[in-house]
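Trainee: I would like to learn how the words used to describe a protein model are justified. Could we go through some of them together?

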Amino acid sequence: MSNILPLAPGMRVLCRDAEWLVQRVEASNDIGSQYAVHMVGVDDLVRGYQAIFLTQLDRIESVDPRKTKLVPDNSNGFRRSKLFLEAQLRHMPATGEEPDLVGLGAFDPMPFQMVAVRRSLEQLRPRLLLADAVGLGKTIQVGMILTELMRRGRANRILVLTKKSMLTQFQAELWNRFAIPLVRLDSQGIAKLRLRIPTNKNPFEVYHRVIISIDTLKDVGRYRHFLEETQWDVVVIDEAHNVAGASVPENHLAHRLARLLSRRTDSMLLTTATPHNGKRETFGRLISLLDPSAIPDPRYREYDAGDIRGFYLMRFKEDVRHQIDPVGQQLSDRLVVPFPETRNQATEAEETAYSILGELREAVQAAQETAQHSDWRNQRLIQYGLYKQFLSSPESCAGTVGKRIKKLQTEDPKSPELPYLKKLEVTLKNLSLTESSRFHLLLAQLENIGWTGKENSPRILIFTEYVETQKALAVAIAQAFNLKHSEKFEDQPKQAIASISGACPDVHLMKTVEAFGTQTSPVRMMIATDVASEGINLHHQCHQVIHYDLPWSIITLIQRNGRIDRIGQTKTPILRYLMVETKNGLLKGDSAIFERLITKVEEINRSTRSGESLLQLYDPEQETEYIAEQGLLKGDNDVLEKRAEQGTTTSTEAKELELIISTANLKDDDDLLALLLSEGDENNNLEESASTATQTPSPKINPRDIGLASNRIRFYKDFDFLQAAYGLLQESDPKYLPIEVEEQMITLTAPLDLKRRLGAPSEKNDIIFGATAIPQEAWQEHDQFRLTDSVERVKDAITAARNTSGYWSKELLCSETHPIMQWLVERLLMEFARGEAPIVTSRELEDKELAFCFIGQVPSKVGTPLVVNAHAVCIQPGGRSEIAPLRDTLAAAGFERLANTKAPARVAAAELLISAAVEASLEHLRSLEKQRQEKVKPLLQQEEQRLQQWSQKRQDIINQHLAGIDANSASAKRLQRERDEMDKYLKDRQQHWRDMHLLPGESPITRLILVIEGVK
């Protein structure tokens, strides 16, 4: 059943004999003729309840603005009208490309981060790869972009994918700093949700803003039918190199998942510090997730800088260090404890094992020289794999040796390896980690640090590559310091020595990481495998890293060190690399290579290049193999001074790719930086804005004080609005408890409808408010929310949380995107009845002049706003009329200073002119849409021309490949599928992107929100 008039957010409508407030409108079919209308209940029957109605099934009746009834406001100082107008203005989506940094979040914005926001907003469809170096705050940039998209009504449905170890950290960061409420669907979350919804219910349609582990979701077979039915506004993939695809991307589950999500979302953000592995196709596949039409080659091997420019940002620490320092977030020069202090000599017992390992290496090399090496299986393990494990611990090496012996005794009992392995096995039985020189070196370092495991001990992060070493190390340290220790996953956050590895379930892994970052938790040491080397922030309570064993990889070392050496680290990062030297002649020179490896890592840290670019292998395992085979086995101490396979095809490809990426990388935008750092307007209301224009500009600009966007009108600061709005609601509902105001802090006890809306744990019912639910951990004791207008106070509260309870801050920024502020806005929009607007009087307008105030918009076919404009139709007593920006009209009427007058508003006379005012408003909106179309038209033409060129190039490449192969071969069929996919993509791009998102719907929509009459 069709609705009477077009629908837009903020409208009051009737549906199923109840009154509702429209929250958002989205297309429910492919041609944009039917809509799914998201609404919240207004009247007593449905107040506060959320529902989605389909226009093809329900009759949704909106009010013709020409029939608006005017209601005189008799409240003191027109208080109701002022708050009603403020709510309307706050509900109005922002437009434009300029980021609005006022109230953006609880952080110190830096110019390079602002560039990322601007780069996203200036795209017709925000899609960006953030490839900044480790520790430069990519999560903060994601939060900034999401907040700006939320303000524009383009981020109602958000899906975030992370590694399982980062779920809580990412979720809490976006909540604490930006009040973005993501519901975590970890293993427990999914299990609980399944108990509350029918089996066939799409779990991704329940909650609108979700964070989930990529490992959970990449089971495409299990979730595919749900994902294909779910449309997202924004998809964020953290550590996106994990979805770039392996050598056969069609078989790579994570890549298949990312490709599916790319087609089901409007905007997409990818983050990674390692965006490629030296091969063109891996970087090309990431770019193709952002835009499948960026690269013509279907194999993503042939492209130039022009094809990929604008899709990514890549900055290194040295690029932005000068921007970070002014806001007090120093990137301290880290300290590497000198090698002589972290080096120890092998014991005599260990030398016996080293001798056998040296003999093994020598025997394999001799066999290779005599062409008898085929008798030696798995030569990597024999030549350096066992040696590498022994460098870590006897326990790690012994486990592998035992398995190897059993395998060979069954499959190849005459193997030349067996005598050596059996000899090594006997030797290892007499060795243990607790008696090793490496462990004694660790104990000496712990003593130097002053670590005892007690509550006053500094926190220490220890890395090891092997789980067996990790287990033995945890037990040995506990015994050495007389500490209780358990290996159970659930006990890790509760004891002084915690361990995490890839085997740890997601829930326990997140709790352990959170405990390590909480000052009052008992965890004083974390022993981690390289599951903790990517993404996790461990710098809040820790600045000491000990590499118990040394990974033979620059990439891994940089990732490990980045856990504590990052923006926000308040102390000097201290790194210790433990090394044990042997007297064995064949192995003795290895330590020189290890020391050079560490030195190279530190050199890269002070440069403007990535760690991967040194060897150009772009993969930790390949770096390990290269250093072992070209360095250790050949005794080449200068192996790190050369690039791997120098002069080969692989090296050439990597070098060319680095050049392309560097050429296309737009690190900075000088014009943007000048704009963002120019003089700003610190104020939040019209009168103050006018007065500051005559003031002398301050020579010192705080990025947080940058002014409001030109189309943003506010009469109340957020903090004041919260008090005034809640106070008005409290007057009409005695169940609303009074708020407590203390300096810069407001404490609000959530009333029942707010608790239900935000999904309070105490509200046990069958209805899930998935569109507005906040994280369960965000609920405070006694349902009390603490909001402040001080960014510094929120930052202190975040620090206090880490010192006492964990990730979740007890105080949040009072910003207009906070869910409580959005609830207040929606409640105030219900202050006047459906089809009503207030009328007030002003002595500053001409007598009998009428100013009809409108908020209008031109939506796309899918309901997203293309044009949003606040304006006034001003009609003079003689009949002359004009349209003026609402900001100017309100300023002319002295709206903030309005006070009740004895002269009543002439309601009847004003209502006679409403129809004419509405027509003028609609015509104004049509004119604005025409201007927008003129602006967008060349962009669309340029885009269509680019698409035609892309499709022609791709068609030519496919035809060239097809010409040289059998038409019935698997390769030919794959290429034919690529051609079919291209045609399907072009059609989809036109129908579902250009026609639906960029072209206007049937007609503009306007709402009369206020009338001001001039009186004398």
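Mentor: We will take a few descriptions in turn and set each one against its cut-off. Please keep in mind that this is a predicted model.

Trainee: What does the secondary structure of the chain come to, and what share of the residues is buried?

Mentor: The chain has 33 helices and 30 strands, and buried residues make up 60% of its 1016 residues.

Trainee: Why is α13 called roughly perpendicular to α22?

Mentor: The axes of helix α13, residues 379-392, and helix α22, residues 620-632, come within 11 Å and cross at roughly 105 degrees. Angles of 65 to 115 degrees count as roughly perpendicular, and therefore α13 is described as roughly perpendicular to α22.

Trainee: Which residues make the contact, and how do they divide by kind?

Mentor: On the α13 side they are Arg380, Tyr384, Tyr387 and Lys388, while α22 contributes Thr624, Glu625, Ala628, Glu629 and Leu632. The residues of this contact divide into 4 nonpolar, 1 polar and 4 charged.

Trainee: What makes helix α18 mostly covered?

Mentor: Of the 11 residues in α18, which spans residues 506-516, 9 are buried, and a residue counts as buried when its relative accessible area is under 20%. Among the buried residues of α18 are Val507, Leu509, Met510 and Phe516, and also Asp506 and Glu514.

Trainee: How much area does the chain expose, and what do carbon and sulfur atoms supply?

Mentor: The chain exposes about 41,400 Å², and carbon and sulfur atoms supply 48% of that area.

Key: Residues are numbered from 1 along each chain as its sequence is written. This is a predicted model: local features need pLDDT of at least 70, side-chain atom pairs count only at pLDDT 80 or more; totals for chains, interfaces and linings use all residues. Side-chain values use heavy atoms; hydrogens and water are left out. Axes are lines fitted to C-alpha atoms, for helices over the stretch in contact, and angles run from 0 to 180 degrees between N-to-C directions. Helices (H or I, at least four residues) and strands (E, at least two) are DSSP runs, numbered from the N terminus. Angles under 35 degrees count as roughly parallel, over 145 as roughly antiparallel, 65 to 115 as roughly perpendicular and the rest as oblique. Contact means heavy atoms within 4.5 Å. Ala, Val, Leu, Ile, Met, Phe, Trp, Tyr, Cys and Pro count as nonpolar, Asp, Glu, Lys and Arg as charged, and the others, Gly among them, as polar. Buried means under 20% relative accessible area, exposed over 50%, partly exposed in between (1.4 Å probe, protein chains only). Accessible areas come from the Shrake-Rupley method with a 1.4 Å probe; for residues, only the protein chains shown count as cover.
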